[in-house]
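Biologist: Could you take me closely through one part of this structure, the place where two helices meet, and explain each term as you go?

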Amino acid sequence: MRWWDIDLVLGLEKDLFPEDAWSRGMFWSELAHSRGPEATRHYVVAEDGGRLVGYAGLASAGDLADVQTIAVARDYWGTGLGGRLLTELLRAATAFECAEVMLECRVDNVRAQKLYERFGFEAIGFRRGYYQPGNVDALVMRLTTKSNSGSAAGSTAVQGTEIND
């Protein structure tokens, strides 16, 4: 993801997460930490025929990574694109030498929970009222990469869709 992707990302963000969409400033801040030798973030976009159809981001700190966001356009749900984006984030976590990957998922987002479980994430707790302003709880999930070495490095291709850093 680059700065010129932000407007398109915001359009998808507002469509998918109308109550708790990230702001332009939040994306700019994340991208500011995604380049150079001291980078602690990794953000990618997925495009199909020049259309932005998904994006994802990861933050790292020491040996811990956190999936910040994954979003897939509604008409691409069920195509494997979410899995491909998650694979890219897990590759980045490996490059950052992270032993664990954490994430928060809305308790009402069963589709996302099933994706994370397929990749080996386990539920470890809740964050009450995490998503605001809707006051929706978050399920906290963790993947320990040491015990899952290499399993997330496989390809989940989506015909005609490419992932770009």
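Modeller: What follows is a look at one helix pair and then at an aromatic residue within it. The model is predicted, with local features needing pLDDT of at least 70 and side-chain atom pairs counting only at pLDDT 80 or more, while totals for chains, interfaces and linings use all residues. Residues are numbered from 1 along each chain as its sequence is written, and side-chain values use heavy atoms, with hydrogens and water left out.

The axes of helix H1 (residues 6–16) and helix H2 (residues 24–32) come within 10 Å and cross at roughly 130°, the helices being DSSP runs (H or I) of at least four residues, and strands E runs of at least two. Axes here are lines fitted to C-alpha atoms over the stretch in contact, with angles from 0 to 180 degrees between N-to-C directions. That crossing makes H1 oblique to H2, a word for angles that are not under 35 degrees, over 145, or 65 to 115.

On the H1 side, Ile6, Asp7, Val9, Leu10 and Glu13 meet Arg24, Phe27, Trp28 and Leu31 of H2, where contact means heavy atoms within 4.5 Å.

Phe27 also pairs with Tyr55, their ring centres lying 5.9 Å apart and their planes at 80°, so the pair is edge-to-face; rings of Phe, Tyr and Trp (its six-membered ring) pair if their centres lie within 6.5 Å, and edge-to-face means planes over 60 degrees apart. Because Phe27 lies in helix H2 and Tyr55 in strand E2 (residues 51–61), the pair ties together parts that are 28 residues apart in sequence. Phe27 counts as buried at 0% relative accessibility, and Tyr55 likewise counts as buried at 0%, buried meaning under 20% relative accessible area (1.4 Å probe, protein chains only).

Technical notes:
Phe/Tyr/Trp six-rings, centres within 6.5 Å; stacked < 30°, edge-to-face > 60°. Buried < 20%, exposed > 50% of the residue type's maximum accessible area, 1.4 Å probe, protein only.
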